[in-house]
Amino acid sequence: MKTNAPTDLLPPPIVTGLLEGNLLPADMLTEQLPVLAPRWDGEPNETNTHTLKILWGTDPAAMVTYTSATAPDPDSARTLRVPIRFFEEGTFEVRYSVTIIQDAPDPPLELTSHSITIVIDTSVPELGDPNELVFDPKLFQDGITEAYLAANGDKIVAEVPAYTRPQIGDVITAYWDAQDDDDTVMVQRVLNSNDYQEPISLDIPGDSIRQHGTGTWKVRYEVKDRAGNPSGFSRYVSLEVKEDAPSDLMDPPLFHDRDIADRNDNTLYAVVITAEQGLEVLIPPWKNQALPGLKDTLWLEYTRKENPADADYEATPVVEIVGPIPPESFPIPFTLPDVALRPDGPFKLRYAVQGWNGGKAWSEVVTLIADTTPPFKGTEPPPLTAPDVAITDDYLDAHPEGVTCTLEAYDDFQPGDRITYWWVGEERPEEPSDLEPAGRAIITELPFDVIVPAQVVREAGDGGCAIVYVLFDKALNRSRLSVWRDVAVALGMLPADLKDPLVQQAEDGQIDLADVLDGVLVRIPKFENLKAADRIEVTWGDTVLEPEEIGSAPDWPVPILVPTETVQAEYGDAVGAKSTHVSYRILRGAVGSEAKAISTDVDLSYIGPVAPDWPDLNNPNLASAKVYGKISGLLDELTPEDTGEDVRVDIALYDPVNENELIDVYWGGVLVPDAQYIIQAGDTPGKVVSVTVPWSFVEQAGNAAQVPVEYRIYGPGSPNQQISPTTNVKVAAVVVTPEAPTFLNLSPEGWLNCFSLDGADHAVLVQVPDLSQYLAEGDQVTLTWTPLAKLDGEDVLTDAIKVEPITLDAAHKPTGFVWRVQPFEDHIAPTHDPDGPGGPAGRARIHYAFDYQGQPATSDVTEARVGMFTGAGECSLNFGEEEG
């Protein structure tokens, strides 16, 4: 029988309550942890069992097997206990599983519940140094008196030294003991989010102190984190609570909290001084105040002397107060002028009252500190020390708290100094105050570590990130912005599968000056894990080029132009081919990938005079070639009498010139191998040498008003050739004889006869060949039909000649067209004169002519016999219709 399967198993709750965030309280770590598994469907019976396991992570932590005999009440839950050995610090997924042994042949049924996350924290807070509460030094000198309480808001303040791992929810407890280990709780404080920006202190109320009475009291504290892990007790500090001794001095003056940065030494906030409005002093009640209608006179006295006599005090103008003085008037505000607050440093202050009876009394003296000097005294603080490795995903995985940077020791450090720091990407603001800081902290000791949270690093992203900071002293004087500290950050999958760079222009063996003139390109093949903001950094020789961003739609392989100056500088004074290092790497932010490198040969050497427009080797300082027709003898001109003749080219040698250097001549842009000249021993600058250009090159270039002729000079094996100025040669020596036209519809015997005629106009058809090598649409060709009266001789039928100029167009294409010779009666019929001197048959010749390259060109002539008759007589104009 198959058992019912469990349905929708729920996460196992903890029998005892968890703290917020499923944190397991520390006091639950000392005994086995009960875990409750909700009831599941199906019950064990005599033929099957249910095995329940509690899984702590992936490890079984507790197990029980139920049978029909041992199963609990079906409506009850199952509770198992997890042993203490599983309670290590960390985060654990806890679930339960049920294995049901079913009736054969069904296999066991395995089911696992959803999980619950349990957090265990066993790290105890470590108290700071000093390992004791810090009190106002006056309390150790004078004890706790009513006068002190009155002057300090009816409380004493205990500062808690910074300790490791402060967290929201930490509980700080101060104990007020008459003897060791009484553990009398005096005050407690629970840390909240604001406590990360302020010194942690405990206010011990005057009423609590009075309840315990006078005498010597031992004060200590401990910290328990949210889980309840205790730090252990600090050392005791002994304080004496005294009864106030009779004094002839009035109570000391009081001050607003808004004006006092540190009650321990009465440091003023800097803004009190820089506002130049003076300091508001609060005068507490004095004894024997003025009776109605009488006056007490009040004034302030201050001095900068360390141990002043009465004469050393300066007095403010007096204020008269008429009695009776209402109690609610106290404390009476009195402004200490701005002049008393300067320069920086400690000064002493008291007030005086001349009573209505003429008697004078003075208050206790209070020492205040004026401080408007920022940390580093207005100079730029040095950068923080940052990790000397790139910040990558692997780094953040290994440092989940973030990036730790260090503030090194500085000369004017004071307890209570604070640091605010920012982490930014590529854009660095002049003043980052408008940005959310990466963190703030109170500096407890130097060197001091600050942490940039991993989330802040990830949000800033890749790039040349940087951290910068400002310092505030306890008076809230702000330092200048520090020097930026660059930090290399490369997040995500890093560039991979990089391939060698390509320098395609060197595939012919080397980079030469023609390549430099075109622009030398290093091409980067596609790689894996690309980001649009990644940059390519190419190195040519020893010169690192400015990185170029790849962008969102790169054209692979990405071309990177190497500046001409870089190619030239890296080649230097070399002669011939120089092997040059070419490499690249991919920058993600400031983090570079591995470099992929090749070597390529570069040859920028050349002979002859300096090229003024380098790398362009067209050199106007070379002499122009001089060209002479062999027959005409004209300079830079060939006439028809030079047809078929080779051409002489004269070249004046350049300076400097060296044996075995070469000169090549180009006619119409074509190299003339037969016209090469090799510099001989004894050749000198300015010497004129002559070379011969074969007629075939002249003929190939054809006629033109300006045929370009130049020469190029270079060293043996060099790819770099300096080019002379162009000599334009007027050429009219090339006779062009185009292909002859042909007759269409000739008889098998080669005759034009009645059957050769085409169309209603009985035209003779002439095929004009492809003329596109000479002419284009819009050009004109003239066709000529010349009939002869006899089958031999030169009896031209002059009146029957047809000459027709035709403009090439869509109907008469340059690639060839058909010309119609007609009218029949005017041009063809006259060849048939059976009764005349010519006889019944004659001949016809055809040719065409056009202008090409400034010269007339006439085709060869085609001739055919013409017999416009049949056995029935001459060709009839309706001949075709009769046949039809």
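Hi everyone, let's start with one pair of residues: Ala652 stands opposite Val688 in β44. Please keep in mind throughout that this is a predicted model.

That pair is a good way into the sheet around it. Ala652 belongs to strand β41, which covers residues 647-652 and is joined to β44 by 6 bridges, with the two strands running antiparallel. If you zoom out a little, you'll find 3 strands forming an open sheet, in the order β39-β41-β44, with antiparallel pairing. Which strands stand at the edges? They are β39, residues 626-628, and β44, residues 688-693; each has a single partner strand, so one side of each is left without a neighbour in the sheet. As for the twist, neighbouring strands in this sheet are turned by 25° against each other on average, ignoring direction.

Now let's follow the chain into the loops beside these strands. Between β39 and β40, the latter being residues 637-638, there is a loop that holds Asp636. Have a look at its backbone: phi of Asp636 is near 60°, a positive value in a residue other than glycine. Is Asp636 buried, partly exposed or exposed? Its relative accessibility is 21%, and therefore Asp636 counts as partly exposed; the cut-off for buried is under 20%.

On the other side of β41, the loop between β41 and β42 (662-667) contains Pro656. Here the peptide bond joining Asp655 and Pro656 is cis, with omega about 0°.

There is another cis bond to show you, from Gly323 to Pro324, again with omega near 0°. Pro324 sits in the loop that connects β20 (319-322) with β21 (332-336).

Back to positive phi for a moment. Leu476 is not a glycine either, yet its phi is positive, at about 65°. You can find Leu476 in the loop between β29 (463-472) and β30 (485-489). Because its relative accessibility is 42%, Leu476 counts as partly exposed.

Let me finish on the surface. Which residues form a nonpolar patch there? They are Leu291, Leu294 and Trp356, and together they have about 260 Å² of accessible area. Of these, let me point out Leu294, which is found in the loop between β17 (279-283) and β18 (295-303). With 33% relative accessibility, Leu294 counts as partly exposed.

That's my tour; thanks for listening, and I'm happy to go back to any of these spots on the screen.

Conventions. Residues are numbered from 1 along each chain as its sequence is written. This is a predicted model: local features need pLDDT of at least 70, side-chain atom pairs count only at pLDDT 80 or more; totals for chains, interfaces and linings use all residues. Side-chain values use heavy atoms; hydrogens and water are left out. Patches are made of residues with over 30% relative accessible area and no salt bridge: like charges are joined within 9 Å, nonpolar side chains (Val, Leu, Ile, Met, Phe, Trp, Tyr) within 5 Å. Accessible areas come from the Shrake-Rupley method with a 1.4 Å probe; for residues, only the protein chains shown count as cover. A salt bridge is a side-chain nitrogen of Lys or Arg within 4 Å of a carboxyl oxygen of Asp or Glu. Helices (H or I, at least four residues) and strands (E, at least two) are DSSP runs, numbered from the N terminus. Buried means under 20% relative accessible area, exposed over 50%, partly exposed in between (1.4 Å probe, protein chains only). Two strands pair if DSSP finds at least two bridges between them. Axes are lines fitted to C-alpha atoms, for helices over the stretch in contact, and angles run from 0 to 180 degrees between N-to-C directions.
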